[in-house]
Structures are given as structure tokens and as C-alpha cells.
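Please look over the model shown here. The report below takes up one helix and then a sheet.

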Amino acid sequence: MYKRYMSISKRFSTPYRRRAADRKQVLIAAPWYVSAALAGLSLLILKSALPAFGASNPLLKPLAEAFSALGWPIALFFLVLAALSLSRRAAKPRFSFKIDPVAARGTPLPLEPAFREYPASKTPAASEERPAQWSLGLIRDIEWKRFEDVCQKFYELKGIRSETTPLGPDGGIDIRLFQDDSGRATSLVQCKAWGERYVGVKPIRELLGVMTHEKIAKAFFMTSGRFSDDAKTVARSNHISLIDGEMLLTLIERLPGGARQQLLAFATAGDYRTPTCPGCGATMRHVAGKGGRPDFWGCPGYPRCKQILRMRQKAMETA
């Protein structure tokens, strides 16, 4: 009987624990001052407002005192989350590889780079033939900054006012969409030019944290690659529309002929494959690796700017 009770209890408590863990992850992914503000708000309500409200009511006074005792533990909980958020952002490496634990159901375990990878392509010659039409391969060849600009240009051609964020830390936002006359952004867009790679659940949760902070209920996540099953599950329940490489190609092909060709010319103008330095905006250069290390993209402004991006090994072998 006891085992049966524990089994039923575990079955009903597991979804609650999972939801609580998701809420903690959202707060940790959000800026630290969100949790700090919640800590201050909980103290204000539980230690000041609630006791004052119950002081004149003999029935509510014991209840108010009981909740008042929880003020500091709850505030401490939010302060711990704020510290975790702050330390996570301070200690997060700019360039690292992480494996995203994707649920089973036949989805391969994706390698999710915390920085972008690009094929070992050289600056195209002026006489090089440009792509005559859109393809999935072209979408995956576009370097990260051009990919963001292409996404922004796509919304512009659809008649939606949009703004891109400047170079540097974007705070989880690449594009803001303005679909009414309020002057405030109505939707957020995050872009990831990761070739064919999967986008796991972690970037989706980070976008959710930004949505909460910005108080915006809808967002789009656009990638040249694909999304893991976990990412789709989290996005589906939080008003985040996922646009992978294949869907983006479909949306572009639905544009009127003139707009589609205009977007193609914009996407392939100049050197659209060599990545832009995420630090200073310069076109990066091919740097040969030393001591058996692989080649990589380096900023031409080194040592003033030390940004690097890794090259796709598979592309290097076939180049």
C-alpha cells in the first residue's frame, strides 16, 4: 500500500517539479536584476504590506504573521537565483562547445556550438557566378551577420517595420518587430546561422527569459539549421514560432517574384560567405592553424580585437 501511495505521489508531483525547474531556468536565463527585483518585492509584500493589512483584523493577523515569517526565505531564494544568473553570465565562455541533451524519439544528439562555424570559403572573385535562385544550401552558406540582415530584410519586404540590434552582446535579441502604431516592439526575433546544426532547448529558454524581461508575449526563432524535439516542445507552449532553414526557404519562395529576387541580390552581394567579426564588424580572415590545430577565422584587427570563429571541418575537407 505504501509503495502504491509513493508511486501515485511521484506521478503527480513530477510535472510540478518539472514546471518549477523550468521557472527557475527562466529566471536564471533572465538578467540578474529580475530575480533581485522579485526578492525586494517579496520582502515588501510579506514583511510590510501583508502585516499592515492584517493588523486591524484579528482573523487575518495570524495568517499575515505566518506569511511574514516566509519573507526572508523567499527573498533569499530569489537572491540566490540572481547570483546564479550573474555568475553564469560572467563565467560563460565566449567560445565553447556544449552537447545539448535532446530527448529520445529518434532525434540525433546535436552538437550545439556557443559560437558560429563557417565553411573555409575564400572571398569570391568578381567574375564568380552568383546563385540565380534561392536554395537551402545558399541559406546555410550565408555568414551570420548577413543572415540576420536577410531575416530583417524579409520582414521589411513583407511590410513589417523592423530594427536590428547593433554589434556586440545582443541580449538575446537580433531583431525587433513593430506591427502596430504603439511605437513599442510587438515581437522579438533571434537568429542563428549555424549551418545544418540543431538548435537545442537552451537558446529557446534564453529567448523565453528575454521575452519575460521585455514583457513581450510573442517571438520568432530563425535558423539555417534545424530544431531539436525539446526545443520544439518548449517553443510550442510559450508562443515562440520556430523557423528552420527549410521553412525559411519556403517563406522566401512565397514572396512575389520581384521581392524574392531583390532579397536574393541583397543576400549574395559582395562576400556573403566569409563571417563578420562579432566584435568590430570587420570581414574576418582565414588563419592557418599551427601545431596540428585546425584553421580558423580570425579578426584582421588582432591583437586589438581577438575574436575568432571556428571553421567547419567537413567543409574544409571538401574545399
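## A helix and a sheet

At the start of helix 6, the backbone nitrogen of Lys-145 has a side-chain oxygen of Glu-143 within 3.0 Å. This is a predicted model, where local features need pLDDT of at least 70, side-chain atom pairs count only at pLDDT 80 or more, and totals for chains, interfaces and linings use all residues. Residues are numbered from 1 along each chain as its sequence is written, and side-chain values use heavy atoms, with hydrogens and water left out.

Helices (H or I, at least four residues) and strands (E, at least two) are DSSP runs, numbered from the N terminus.

Helix 6 covers residues 144–157. Of its 14 residues, 12 are buried, so the rest of the structure largely encloses helix 6. Buried means under 20% relative accessible area (1.4 Å probe, protein chains only). Among the buried residues are Trp-144, Phe-147 and Tyr-155. Just after helix 6, Gly-159 has a positive phi of about 85°.

Now the sheet. It is open, has 5 strands in the order 4-5-6-8-10, and its pairing is mixed. Two strands pair if DSSP finds at least two bridges between them. Strands 4 and 10 stand at the edges with a single partner strand each, so one side of each lacks a neighbour in the sheet.

| Edge strand | Residues |
|---|---|
| Strand 4 | 161–164 |
| Strand 10 | 240–243 |

Strand 8 (residues 219–223) runs parallel to strand 10, and 4 bridges join them. Phe-220 has Ser-241 of strand 10 as its bridge partner.

Methods
Expected span 1.5 Å × (residues − 1). Buried < 20%, exposed > 50% of the residue type's maximum accessible area, 1.4 Å probe, protein only. Polar contact = N/O pair within 3.5 Å; in protein donor to acceptor, adjacent residues only side chain to side chain.
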